[in-house]
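Colleague: Got a minute to walk me through this one? I'd like to get a feel for the fold before I set anything up.

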Amino acid sequence: MNSAKAFAPGNISCVFVIRKTKNPNKSGSLGIGFTVDKGVTVTIKKLNNKSKKTKKNKIYFNNKKMELSFVDSVIKKLTKERFIVKIKSQLPLGSGFGISGASALATAYAVDKLLKLKLPKKKLAFIAHISEVENGTGLGDVVNQYFGGFLVKYESSYKFRVKKLPINNKPIYYKCFNKLDTKKIISNKKIKGRINKAGLKSLKEIKKSKKTLENMIRISKRFALFSGLLKKKELIRQMIEIEVSYGSASMIMLGNAIFSNKKFKGSKKLVIKDKCAYLI
């Protein structure tokens, strides 16, 4: 076998609570989110490690060579071998679709397949999760992408315990404005305090609410407002326009982007899918 390929779905977080400790193995997040029909496909091939020029992995994201620490970290945790990693993404990086997590998870699956390591998928997912935590690119996306579906996490994501909601095959519409640096937000103590207070309140509300897409979006929007994350004028303006047209909308966590259950000007379509990462 010369190459291996895997797919991982994008993930949209609606509400989250940061549970980060000094130990990456015991770090993660609580919250709600869902996987979608689009994501990333990762193809890997071995580099000729005899050459002195091939000490580093060569990583390409949509044909552009990039330094992606979360992908590099996954590989180093699994092997001393080095690879050419080609990531094809249907969704933008840095806009709240969990693309770093999807890339890390699909890379772990592909490396395991190519090297015939035969590690359990949960172990591979845990390695991808830790790599995200260590690099400050995410706290819970990998867990959602491992299970697939519309999920609630009442316990920290590193435990890999989720509750699946009966929301599937529903269309949603999104629009991205620009990128947001996840690392800056999840490492800021003041912002973290507001997020966690709003997030825990939202999780209590979810337990009591009817599990519909509209209710989850409504709770998500309240979280975005109370946490102080929703402050960009263009996002607020767009949400008001959607709500005037009898739709529901919220901010994608964490990105300068919004999602809605109703089509709106400039939006693109996704479908909520109960589909987890897999080998191709």
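Colleague: To start, what percentage of the residues in the chain is buried?

Modeller: Keep in mind that this is a predicted model. Buried residues come to 53% of the 280 in the chain.

Colleague: And how many helices and strands does the chain have?

Modeller: There are 8 helices and 12 strands.

Colleague: What radius of gyration does the chain have, and what would a compact globule give?

Modeller: The chain has 18 Å, and a compact globule with 280 residues would be near 19 Å, so the two agree. Along the principal axes, the C-alpha trace spans about 60 × 40 × 30 Å.

Colleague: What about contacts, how much comes from residues 24 or more positions apart?

Modeller: Counting contacts with a separation of 6 or more, 75% are between residues 24 or more positions apart.

Colleague: Switching to the surface. How much area does the chain expose, and what share do carbon and sulfur supply?

Modeller: About 13500 Å² is exposed, and carbon and sulfur atoms supply 51% of that.

Colleague: How many positive and negative side chains are there?

Modeller: The chain has 63 positive and 16 negative ones. The centres of those two sets lie 3 Å apart.

Colleague: I need to sort out cysteines too. How many disulfides turn up?

Modeller: A search of the whole structure gives 0. For C14, the nearest cysteine sulfur is that of C176, 15 Å away. A disulfide needs the two sulfur atoms within 2.5 Å, so a sulfur 15 Å away doesn't qualify. Looking from the other side, C176 has the sulfur of C14 as its nearest, and C176 is in no disulfide either.

Colleague: Are those two buried or exposed?

Modeller: C14 counts as buried because its relative accessibility is 1%, and the cut-off is under 20%. C176 has a relative accessible area of 28%, so C176 is partly exposed.

Colleague: Now backbone oddities. Where is there a cis peptide bond?

Modeller: Between M253 and L254, with omega about -5°. L254 is in the loop between β9 (249–251) and β10 (256–260).

Colleague: Why flag that one?

Modeller: Because most peptide bonds are trans. Phi is worth a look for a similar reason, since most residues other than glycine have a negative phi.

Colleague: OK, so what's phi for F160, and where is that residue?

Modeller: Phi of F160 is near 55°, a positive value in a residue that isn't glycine. F160 lies in the loop between β6 (150–153) and β7 (163–165). With 6% relative accessibility, F160 counts as buried.

Colleague: And N169, what's the phi there?

Modeller: N169 has a positive phi of about 55°, and N169 is not a glycine. This residue is in the loop between β7 and β8 (171–178). N169 counts as partly exposed, because its relative accessibility is 45%.

Colleague: Last topic, N215. Which helix is N215 in?

Modeller: N215 is in helix α7, which covers residues 213–226. At 18% relative accessibility it falls under the 20% cut-off, so N215 counts as buried.

Colleague: What is N215 in contact with, leaving aside neighbours within four places in sequence?

Modeller: With those neighbours left aside, N215 is in contact with S209 and K210.

Colleague: How far is N215 from D141 in space?

Modeller: The C-alpha to C-alpha distance is 21 Å, and the two are 74 residues apart in sequence.

Note on methods
Residues numbered from 1 in each chain as written. Predicted model: local features only at pLDDT ≥ 70, side-chain atom pairs only at ≥ 80, totals over all residues. Heavy atoms only, no water. Helix = DSSP H or I, 4+ residues; strand = E, 2+ residues; numbered from the N terminus. Buried < 20%, exposed > 50% of the residue type's maximum accessible area, 1.4 Å probe, protein only. Contact = heavy atoms within 4.5 Å. Rg over C-alpha atoms; globule rule 2.2 N^0.38 Å. Areas by Shrake-Rupley, 256 points an atom, 1.4 Å probe, with all protein chains shown as cover. Lys, Arg positive; Asp, Glu negative; His and termini not counted. Charge placed at Lys NZ, Arg CZ, Asp CG, Glu CD.
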